[in-house]
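Colleague: I should be grateful for a close look at one part of this model, the place where two helices pack against each other. Please describe the packing itself and then follow the connections outward from there.

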Amino acid sequence: MSKICDLVYSLTPIVNNEMVNKTDITSIAATSRNKIVAALLRGELEPGLGLAGNGQEVSIMRSTLIRTGIWSEENGVATLNLHPSDPRMENLLSTIEAFILEAREQGRKSFSELYERLISPEHHIGLRLGLIPIYVAVVLHEYRQQTVINDRFSAIPTSADVLVQINAEPNAFSLEYLDWNPEKENYISRLSAAFRDYTVEAEKAGSSYDYVSNAMHRWYMALPKYSKECKLRPDGGKIRKRYQEMMKLLRQNTIGSDLLFKKLPEAFAYDECTSDVAEEIIAAKDLFDSLLSELKKYLIEGTKTSFL
């Protein structure tokens with residue numbers, strides 16, 4: 001029996017931690033593991049993943065990341081190594097990375113395909129479910145700008161809770177690859193500056209762009225009811241249809257990459273996000289920000305005209 005297992009699961013990496021190296025883990029172990037997953041998904045890695053003491057999460061980190069050669073720190077700077085010296089662990093991470101790169105070449109990929117490769121005996125890895133979110137988070141950290149997770153309906157923020165949900169039902173989620181380039185970087189940077197008054201700094205530690213869409217939604221919610229619902233300017237001039245389409249998207253609570261890289265460019269009749277799209281969005285924001293003061297000025301001028 002031992003020889004059969006060695007043959008069938010010849011690529012299973014060795015992880016000496018009985019708390020998480022199993023299919024069904026306890027709620028306490030899951031909480032500790034999820035702290036590690038959440039820390040790995042942050043934009044910047046903290047020394048020791050921000051964990052202190054000798055708690056269960058520290059023990060899990062040591063066995064899954066440090067002793068496997070994935071995690072290293074030098075002069076207080078933490079890095080992840082997707083190609084550790086252990087060939088089995090390197091193969092595991094390469095399998096996850098290959099899945100991400102396939103999404104770039106082939107389009108959206110179901111997580112069920114990845115789980116098939118990680119779990120089924122045909123692929124010889126045989127990884128236990130308790131470990132999978134950690135190693136998926138390791139690779140996603142390196143591709144955090146380029147990856148978008150979708151549920152059955154739309155794009156959703158990448159988080160520890162989402163990876164746990166994927167672990168429970170991988171066929172309900174898919175991965176999409178977003179080609180990140182300087183133009184997208186500039187686009188996000190300009191929108192970030194325009195909506196900075198509505199940005200929550202803590203959100204920047206997560207996705208490279210979700211915080212911007214969240215800021216846009218906060219801006220929309222903070223607008224007066226008059227500005228949100230206005231179809232004409234106080235003097236009777238029409239508000240551009242494109243601007244109204246933007247407000248409609250924000251009213252529908254379209255989020256993240258779907259809003260920023262698909263729906264907004266489409267609303268302004270562009271095929272992709274460019275600096276021109278950013279200019280259009282900022283111009284629309286300026287208009288809706290000014291509508292109430294325009295109305296007040298118009299009413300004051302109208303009142304003066306009536307009594308003079």
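Modeller: In this predicted model, helices H11 and H12 pack at an angle of about 145°, and their axes lie 8 Å apart. The crossing in which H11 passes H12 is right-handed. On the H11 side, the residues that take part are Arg242, Glu245, Met246, Leu249 and Leu250, and they meet Leu259, Lys263, Leu264 and Ala267 of H12. Sorted by class, this contact comprises 6 nonpolar residues, 3 charged residues and no polar ones.

One member of the H11 side, Arg242, also leads away from this contact. Its side chain meets that of Glu280 in a salt bridge, at 3.6 Å from N to O. This pair links distant parts of the chain, since Arg242 belongs to helix H11 (residues 241-251) and Glu280 to helix H13 (residues 275-307), 38 residues apart. The two partners fall into separate burial classes. Glu280 has a relative accessibility of 13% and therefore counts as buried. Arg242, at 32%, counts as partly exposed.

H12 has a salt bridge of its own to another part of the chain. Lys262 pairs with Glu176, and the closest N and O atoms are 2.9 Å apart. Lys262 sits in helix H12 (residues 256-267) and Glu176 in strand E6 (residues 174-177), so this pair ties together parts that are 86 residues apart in sequence. With a relative accessible area of 30%, Lys262 is partly exposed, whereas Glu176 is buried at 18%.

H12 is also met by helix H9. Ser213, which has its place in H9, is in contact with Ile255, Gly256, Leu259 and Leu260, its neighbours within four places in sequence being left aside. Leu259 was named above among the H12 residues that meet H11. Ser213 has a relative accessibility of 1% and so counts as buried. H9 itself covers residues 210-222, which makes 13 residues, and it reaches 19 Å from its first C-alpha to its last, close to the 18 Å expected at 1.5 Å a residue. Besides Ser213, the buried residues of H9 include Asp210, Tyr211, Val212, Ala215, Met216, His217, Trp219 and Tyr220.

Beyond the C-terminal end of H12, the loop between H12 and H13 contains Ala269. The phi of Ala269 is near 65°, a positive value in a residue other than glycine. Most residues other than glycine have a negative phi. Ala269 is exposed, with a relative accessible area of 57%. Another positive phi is found at Asn75, where the value is near 55°. Asn75 lies in the loop between strand E1 (71-74) and strand E2 (77-80), and its relative accessibility of 77% makes it count as exposed.

Strand E6, reached above through Glu176, leads on to helix H4. E6 is among the elements that cover the buried residues of H4, together with strand E3 (109-110), H5, helix H6 (132-142) and strand E4 (147-150). The residues buried in H4 are Met89, Leu92, Leu93, Thr95, Ile96, Glu97, Phe99, Ile100 and Ala103. H4 (residues 87-106) has 20 residues, which should span 28 Å at 1.5 Å a residue; the end C-alpha atoms are 27 Å apart, in agreement with that value.

H5, which also contributes to the cover of H4, carries a salt bridge within a single helix. Glu113 pairs with Arg117, and the closest N and O atoms are 3.9 Å apart. Both residues lie in helix H5 (residues 111-119), separated by 4 residues, about one turn of the helix. Glu113 has a relative accessibility of 31% and counts as partly exposed, while Arg117, at 17%, counts as buried. This pair belongs to a network of salt bridges in which Glu102, Lys109, Glu113 and Arg117 are linked. In total, the structure holds 14 salt bridges.

To return to the part in question, the contact of H11 with H12 involves 6 nonpolar and 3 charged residues. Arg242 of H11 is tied to Glu280 of H13, and Lys262 of H12 is tied to Glu176 of E6.

Definitions and conventions:
Residues numbered from 1 in each chain as written. Predicted model: local features only at pLDDT ≥ 70, side-chain atom pairs only at ≥ 80, totals over all residues. Heavy atoms only, no water. Helix = DSSP H or I, 4+ residues; strand = E, 2+ residues; numbered from the N terminus. Expected span 1.5 Å × (residues − 1). Buried < 20%, exposed > 50% of the residue type's maximum accessible area, 1.4 Å probe, protein only. Salt bridge = Lys/Arg side-chain N within 4 Å of Asp/Glu carboxyl O. Axes fitted to C-alpha atoms, helices over the stretch in contact; angles between N-to-C directions. Left-handed = near helix turned anticlockwise from the far one by under 90°. Contact = heavy atoms within 4.5 Å. Nonpolar A, V, L, I, M, F, W, Y, C, P; charged D, E, K, R; others polar.
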